[in-house]
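Okay, thanks for making the time, everyone. Let me put the chain up on the screen and then walk you through it.

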Amino acid sequence: MKKLNNDQFEEERSRLLPTVKCPKCSYIAEMNHVLTAQSNQNVIYKCPQCHYEVRNIHTSKG
Ligand SMILES: [Zn+2]
C-alpha cells in the first residue's frame, strides 16, 4: 500500500481541487474559496488578494 507524505498529499489535493486564476493579479485560489453561488444561479468571483470582482459568471451545467 502506497503511503503519501505530506508534500505529495498537498500536490494530489491541489490537482483534484479546481482552481481559478485571478485575471488581474494572477493569484491562484481554490474555486470553492473564491466563488460564491447566488440563489439566482449567478456566480460571483472575488479575488482574496486584490479584491477584483466578477459578477454574473454563467456556469455551464447540464
Ligand atoms: Zn486578484
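So, let's start in the sheet, with one pair of residues: T36 has I44, in strand 4, as its bridge partner. Before I go on, keep in mind that this is a predicted model. That T36–I44 pair belongs to the pairing of strand 3 with strand 4, residues 43-46, which is antiparallel and runs over three bridges.

Now zoom out a bit. The sheet is an open one made of three strands, in the order 3-4-5, with antiparallel pairing. Which strands stand at the edges? Strand 3, at 35-37, and strand 5, at 53-57. Each of those has a single partner strand, so one side of strand 3 and one side of strand 5 are left without a neighbour in the sheet. As for twist, neighbouring strands here are turned by 20° against each other on average, ignoring direction.

Okay, the whole chain. You've got two helices and five strands, and going from the N terminus the elements read α-β-β-α-β-β-β. How much of the protein chain is buried? Of its 62 residues, buried ones make up 2%. And on contacts: take those between residues at least 6 apart in sequence, and 20% of them join residues at least 24 apart.

Next, the backbone, and two residues I'd like you to look at. As a reminder, most residues other than glycine have a negative phi. Well, Q41 isn't a glycine, and its phi is positive, about 70°. Where does Q41 sit? In the loop between strand 3 and strand 4, so we're back at the pair of strands I began with. Buried or exposed? Q41 counts as exposed, because it has 10 C-beta neighbours inside 10 Å, and the cut-off for exposed is 12 or fewer.

The other one is S26, again a residue other than glycine with a positive phi, this time near 65°. S26 is in a loop too, the one between strand 1, at 19-21, and strand 2, at 28-30. With 10 other C-beta atoms within 10 Å, S26 is exposed.

One last thing on S26, since you can find it on the screen now: how far is S26 from C50? Along the sequence the two are 24 residues apart, and in space S26 and C50 are 9.6 Å apart, C-alpha to C-alpha.

That's my tour, so over to you for questions.

Conventions. Residues are numbered from 1 along each chain as its sequence is written. This is a predicted model: local features need pLDDT of at least 70, side-chain atom pairs count only at pLDDT 80 or more; totals for chains, interfaces and linings use all residues. Two strands pair if DSSP finds at least two bridges between them. Helices (H or I, at least four residues) and strands (E, at least two) are DSSP runs, numbered from the N terminus. Axes are lines fitted to C-alpha atoms, for helices over the stretch in contact, and angles run from 0 to 180 degrees between N-to-C directions. A residue is buried if 20 or more other C-beta atoms lie within 10 Å of its own, exposed if 12 or fewer, and partly exposed in between; C-beta atoms are placed from the backbone. Two residues are in contact if their C-beta atoms, placed from the backbone, lie within 7 Å.
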